[in-house]
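Here are some worked exercises to try with the viewer open. Give each task a go before you read its solution.

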Amino acid sequence: MSTALIVIDIQKDFCPGGALAVPEGDLIVPEVNALMTQFDAVILTQDWHPAGHSSFASSHPGAAPMSLIDMPYGPQVLWPDHCIQGSDGANFHPDLAVDRADLIIRKGYNPAIDSYSAFFENDHTTPTGLEGYLKSRGITQLTMVGLALDFCVNYSAVDAAQLGFSVTVRPDLCRAIDFDGSKVRALAGMADVGVTL
Ligand code: VGL
Ligand code: ZN
């Protein structure tokens, strides 16, 4: 049985001053770095959108950021432009111990589909490859930290639990966008599928 720490989207755009800033997103970095030494594997995820991505409000004339639209795969929140491939905002927080990572998995690169989860795009069927990576390394126990608790951490944790991994989320090492009750809903949803909080 091997363990992995999955560090979700600790990128400049999700930290104060960034394009989609999560309040206090930067405060978790020192403790996340310290936690990395306690796992067999450390995996980082990186939100990585092409310019003009379909999850950006700017790609939908007249749509306001944080409004909802119906996509072929279901409802989608429209975000401010963020984590554009190669942009400074897509970089990891400068203090994150990136050198400790065994794997960096990028997601959200498909122009037509958003990808909150580290495992599947928002259609819930297109895989990122992370499941195969973990299984082929014999990793069964996952701990998740990062940004944002109510979106990418939430979707990643629920998918991992449903794929049969043993999953712990550390809410103290996450921060939430907390949009329209999303934080409370996320915590309840993760608990429902057996995620340890
Ligand atoms: C995220 C919204 C859009 C996240 C990514 O990392 O939680 N949220 N893209
Ligand atoms: Zn995104």
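## Exercise 1: Ile139 in its strand

With 19 C-beta neighbours inside 10 Å, Ile139 counts as partly exposed. Keep in mind throughout that this is a predicted model.

**Task.** Explain the class given to Ile139, then find where Ile139 sits and which residues it touches.

**Solution.**
- Step 1. Being buried takes 20 or more other C-beta atoms within 10 Å, so Ile139, with 19, is partly exposed.
- Step 2. Ile139 belongs to strand β6.
- Step 3. Setting aside residues up to four places away in sequence, Ile139 touches Ser2, Thr3, Ala4, Asp40, Ala41 and Leu134.
- Step 4. For a longer distance check, take Leu197, 58 residues from Ile139 along the chain: the two C-alpha atoms are separated by 19 Å.

## Exercise 2: The two sides of α4

**Task.** Which residues of helix α4 are buried, and where do they lie around the axis?

**Solution.**
- Step 1. Helix α4 runs over residues 182-192, and its buried residues are Lys183, Ala186 and Met190.
- Step 2. These three cover an arc of only 60 degrees around the axis, which puts them on the same side of α4.
- Step 3. The spacing fits a general rule: an α-helix has 3.6 residues a turn, so residues three or four places apart point the same way.
- Step 4. Now turn to the face pointing away from the buried side: there α4 carries the exposed residues Val184, Arg185, Ala188, Ala191 and Asp192.
- Step 5. The cover over the buried residues of α4 includes α3 (149-162) and β7 (166-175).
- Step 6. Just past the end of α4, Gly194 has a positive phi of about 95 degrees.

## Exercise 3: The nonpolar core

**Task.** How many residues does the largest nonpolar core have, and which element gives the largest share?

**Solution.**
- Step 1. The largest nonpolar core has 49 residues. Those with the most contacts inside it are Ile6, Val7, Met144, Ala148, Val153, Ala157 and Cys174.
- Step 2. Two or more residues of this core come from each of β1 (2-8), α1 (29-35), β2 (41-47), α2 (130-136), β6 (139-147), α3, β7 and α4.
- Step 3. The largest share, eight residues, is given by α3.
- Step 4. Zoom in on Cys174: leaving out residues up to four places away in sequence, Cys174 touches Ile28, Val145, Gly146, Leu147, Leu149, Val153 and Val169.

## Exercise 4: Unusual backbone angles

**Task.** Where is the cis peptide bond, and which residues other than glycine have a positive phi?

**Solution.**
- Step 1. Start from the expectation that most residues other than glycine have a negative phi, and most peptide bonds are trans.
- Step 2. The cis bond joins Leu147 and Ala148, with omega about -15 degrees. Ala148 is in the loop between β6 and α3.
- Step 3. Glu24 is one of the residues to find: its phi is near 65 degrees. Glu24 lies in the loop between β1 and α1 and is exposed, with 12 other C-beta atoms within 10 Å.
- Step 4. Asp178 is not a glycine either, yet has a positive phi of about 55 degrees. Asp178 is in the loop between β7 and α4 and counts as partly exposed, with 15 C-beta neighbours inside 10 Å.
- Step 5. While you are in the loop between β7 and α4, look at Gly181. Gly181 is exposed, with 9 other C-beta atoms within 10 Å. The C-alpha atoms of Gly181 and Asp150 are separated by 9.3 Å, although the two are 31 residues apart along the chain.

## Exercise 5: Around ligand 1

**Task.** Which residues surround ligand 1, and how many are nonpolar, polar or charged?

**Solution.**
- Step 1. Around ligand 1 you should find Asp9, Phe14, Asp47, Trp79, Tyr116, Leu147, Ala148, Phe151 and Cys152.
- Step 2. Sorted by class, this shell has seven nonpolar, no polar and two charged residues.
- Step 3. Link this to the previous exercise: Leu147 and Ala148, both in the shell, are joined by the cis peptide bond.

## Exercise 6: The annotated range

**Task.** Which residues does UniProt list for the domain, and what is the chain like over them?

**Solution.**
- Step 1. An unreviewed UniProt entry lists residues 3-195 as "domain: Isochorismatase-like".
- Step 2. Over residues 3-195 the chain is 20% helix and 23% strand.
- Step 3. The end C-alpha atoms of this range are 15 Å apart.

Technical notes
Residues numbered from 1 in each chain as written. Chains lettered and ligands numbered in written order. Predicted model: local features only at pLDDT ≥ 70, side-chain atom pairs only at ≥ 80, totals over all residues. Helix = DSSP H or I, 4+ residues; strand = E, 2+ residues; numbered from the N terminus. Arc of directions from axis to C-beta. Contact = placed C-beta atoms within 7 Å. Near = placed C-beta within 6 Å. Nonpolar A, V, L, I, M, F, W, Y, C, P; charged D, E, K, R; others polar. UniProt positions renumbered as here; feature names shortened; annotations may be inferred. Core = buried A, V, L, I, M, F, W, Y, C linked by C-beta atoms within 7 Å.
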